[in-house]
Amino acid sequence: MHKAFVLAALVCASTFAAAQQGPTDPQIAHIVVTADQVDIDAGKLAAKMGSTKDVRAFGKQMVTDHTAVNQQASALAKKLGVTPEDNGTSQALKKGGDENIAKLKKLKGKAFDKAYVDNEVTYHQAVIDAVDKTLLPSAKNAELKALIEKVRPALVQHLEHAKHLQSQLGKS
């Protein structure tokens with residue numbers, strides 16, 4: 001994802017938070033699902049187009065891990081009778097994700113790997129920041145908040161893994 005779109009989504013989320021005391025639980029649910037789907041889509045592409053075994057494996061891990069989170073989020077929304085609500089933040093995430101996929105599809109080999117991994121570093125840092133500064137403070141439902149808290153360590157692990165890959169790609 002272009003860094004500008006990640007930042008735009010976060011600015012949108014923080015502006016939203018300032019204007020309305022944060023997104024509502026249905027909006028948070030939609031943000032979570034959208035953020036996961038963006039990473040699933042990029043991960044599927046990396047699993048196919050990555051030029052190294054490590055990049056392909058990382059892409060597959062992103063698909064597996066973020067699909068599991070989406071399943072948990074969807075099950076929780078259904079249990080709570082909450083319909084995820086589209087909002088400016090989720091729309092910006094989707095737009096940025098679509099543009100990132102379009103950019104990645106034009107790349108091959110090491111250029112693809114570098115662009116994908118650089119994006120994963122930026123994206124996971126941005127998502128962690130949004131979790132800490134907007135989603136957790138705004139979530140009202142205890143189960144929704146608990147799900148976000150439960151997922152946060154995996155996001156940190158993904159960020160560290162992506163940073164490791166980034167340093168490895170820089171050496172090759």
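Leaving aside its neighbours within four places in sequence, which residues is L135 in contact with? Keep in mind that what we have here is a predicted model. With those sequence neighbours left out, L135 is in contact with P23, I28, I31, V32, A130 and I148.

Okay, let's step back to the core. The largest nonpolar core has 37 residues. L135 is among those with the most contacts inside it, along with I28, V32, Y116, V131 and I148. As for who contributes, helix 2 (25-49), helix 3 (53-80), helix 4 (88-105), helix 5 (109-138) and helix 6 (142-171) each give two or more residues to this core. Helix 5 gives the most, with 11 residues.

Now, the aromatics. There are two aromatic pairs in the structure. Take F58 and Y116: their ring centres are 6.2 Å apart and the planes sit at 65°, over the 60-degree cut-off, so this pair is edge-to-face. F58 is in helix 3 and Y116 is in helix 5, so the pair ties together parts that are 58 residues apart in sequence. Both ends are buried: F58 has a relative accessible area of 0%, and Y116 also comes out at 0%.

The other pair is F112 with Y116. Here the centres are again 6.2 Å apart, but the planes are at 5°, so this one is stacked. Those two are four residues apart in helix 5, so about one helical turn separates them. F112 is buried, just as Y116 is.

Put the two pairs together, and F58, F112 and Y116 make one aromatic cluster. And remember Y116 from earlier: it's also on the list of residues with the most contacts inside the largest nonpolar core.

Conventions:
Residues are numbered from 1 along each chain as its sequence is written. This is a predicted model: local features need pLDDT of at least 70, side-chain atom pairs count only at pLDDT 80 or more; totals for chains, interfaces and linings use all residues. Side-chain values use heavy atoms; hydrogens and water are left out. A nonpolar core is a set of buried Ala, Val, Leu, Ile, Met, Phe, Trp, Tyr and Cys residues joined through side-chain atoms within 4.5 Å. Buried means under 20% relative accessible area, exposed over 50%, partly exposed in between (1.4 Å probe, protein chains only). Contact means heavy atoms within 4.5 Å. Rings of Phe, Tyr and Trp (its six-membered ring) pair if their centres lie within 6.5 Å; planes under 30 degrees apart count as stacked, over 60 as edge-to-face and the rest as tilted.
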